[in-house]
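Grab a pencil and open the viewer. Try each exercise yourself before you read its solution.

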Amino acid sequence: MKDIATIQRTKSILERHGFSFKKSLGQNFLIDLNILNKIVDAAELGEASGVLEIGPGIGSLTEQSAKRAKKVVALEIDQRLLPILEDTMSPYPHVNVIHGDALELDIQDIVEREFFSQGIEDISVVANLPYYVTTPIIMRLLESQIKFRSLVMMIQKEVAERIGAKPGTKAYGSLSIAIQYYAEANVSFIVPKSVFMPAPNVDSAVITLKMRPKPAVDVKDEAFFFELARASFAQRRKTILNNLTNHLGKDKKMEIEQFLGEAGIDPKRRGETLSLEEFARLADTILPLKNS
């Protein structure tokens, strides 16, 4: 059987099922086998691997994962795609498609039922994510504390650059901190618009997130650590002192300045210059102001 990921076969499948794209669901199907193989290569799948996919479309990436992994579970929100996937995935009995929204489904229960209970422990997320929900899906996967080995995902190039950004760069921000807290991030390669049907308006990138055995830094209050990071980037051109004062209250400015000193951080620095370690130290030092 010919691979799904060609212009001719993709068009044939769509025409046979009378499928039309929904812009609101961010549907852009991959039609380049070389790119798909590079994605699956980045995931380092083997015969004992389990794959969780979000947004399989008509199954072009699902098919390539299924050729290498022991089991693939794909979550698809668009009910119109279910009969298409039943058709395209018929040669792969170890692929299970679940209908539902990845932001609402109980992913922990799905992973337990579909993988762990069947003795599959080596699990990766391999997906071409819908771009309109990229960040909430990634954060949901990371915060679930499911023991994924890695997350290999096609996302917007700009978002990938922000996720993998280092301190002191324009792309570095609260998203970089939130994701690097849980995982080591690496932009694997850039993907041109031309390999999609229909072509998106932006360039894409494949990012690999290798899960850390424990978070990158120890903090006393995880929620406050993330809150402080977000507040520090509220107005990027402002100093860390001014941003935190705006967030915690102008009446606390002197205390904030004192805590910054105790944490060894110059109040005149901007948030984008602080490392994860410095944010962790600051969050622990300034914690007494959280509910004061």
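Below are four exercises, each with a worked solution.

This is a predicted model, where local features need pLDDT of at least 70, side-chain atom pairs count only at pLDDT 80 or more, and totals for chains, interfaces and linings use all residues. Residues are numbered from 1 along each chain as its sequence is written, and side-chain values use heavy atoms, with hydrogens and water left out.

**Exercise 1. Work out the strand order of the open sheet and find its edge strands.**

Step 1: Know your terms. Helices (H or I, at least four residues) and strands (E, at least two) are DSSP runs, numbered from the N terminus. Two strands pair if DSSP finds at least two bridges between them.

Step 2: Walk across the seven strands, and you get β4-β3-β2-β5-β6-β9-β7, with mixed pairing.

Step 3: Look for strands that pair on one side only: these edge strands are β4 (95-99) and β7 (183-191).

**Exercise 2. Describe how β3 and β4 are connected.**

Step 1: Strand β3 (residues 71-76) runs parallel to β4, and five bridges join them. In this pair, V73 sits opposite N96 of β4.

Step 2: Add helix α4 (residues 82-88), and β3, α4 and β4 make a right-handed β-α-β unit. Right-handed means that, with the strands pointing away from the viewer, the path from the first strand over the helix to the second runs clockwise.

**Exercise 3. Characterise the second largest pocket.**

Step 1: On a 1 Å grid over the protein atoms alone, a pocket is an open set of points where a 1.4 Å probe fits, with protein on both sides within 12 Å along at least five of seven lines; lining residues have an atom within 4 Å of a point.

Step 2: The volume (the space filled by probe spheres set on the points, which are joined across faces, edges and corners) is about 300 Å³.

Step 3: This pocket has 16 lining residues, and the closest to its centre are K23, G26, N28, P200 and N201.

**Exercise 4. Hunt for unusual backbone geometry in the loops.**

Step 1: Start from the usual case: most residues other than glycine have a negative phi, and most peptide bonds are trans.

Step 2: Check the bond from M197 to P198: this peptide bond is cis, with omega near -15°. P198 belongs to the loop between β8 (196-197) and β9.

Step 3: Now check phi. E44 isn't a glycine, yet its phi is positive, about 50°; you'll find E44 in the loop between α2 (33-43) and β2. Q145, also a residue other than glycine, has a positive phi near 60°, and Q145 lies in the loop between α6 and β6.
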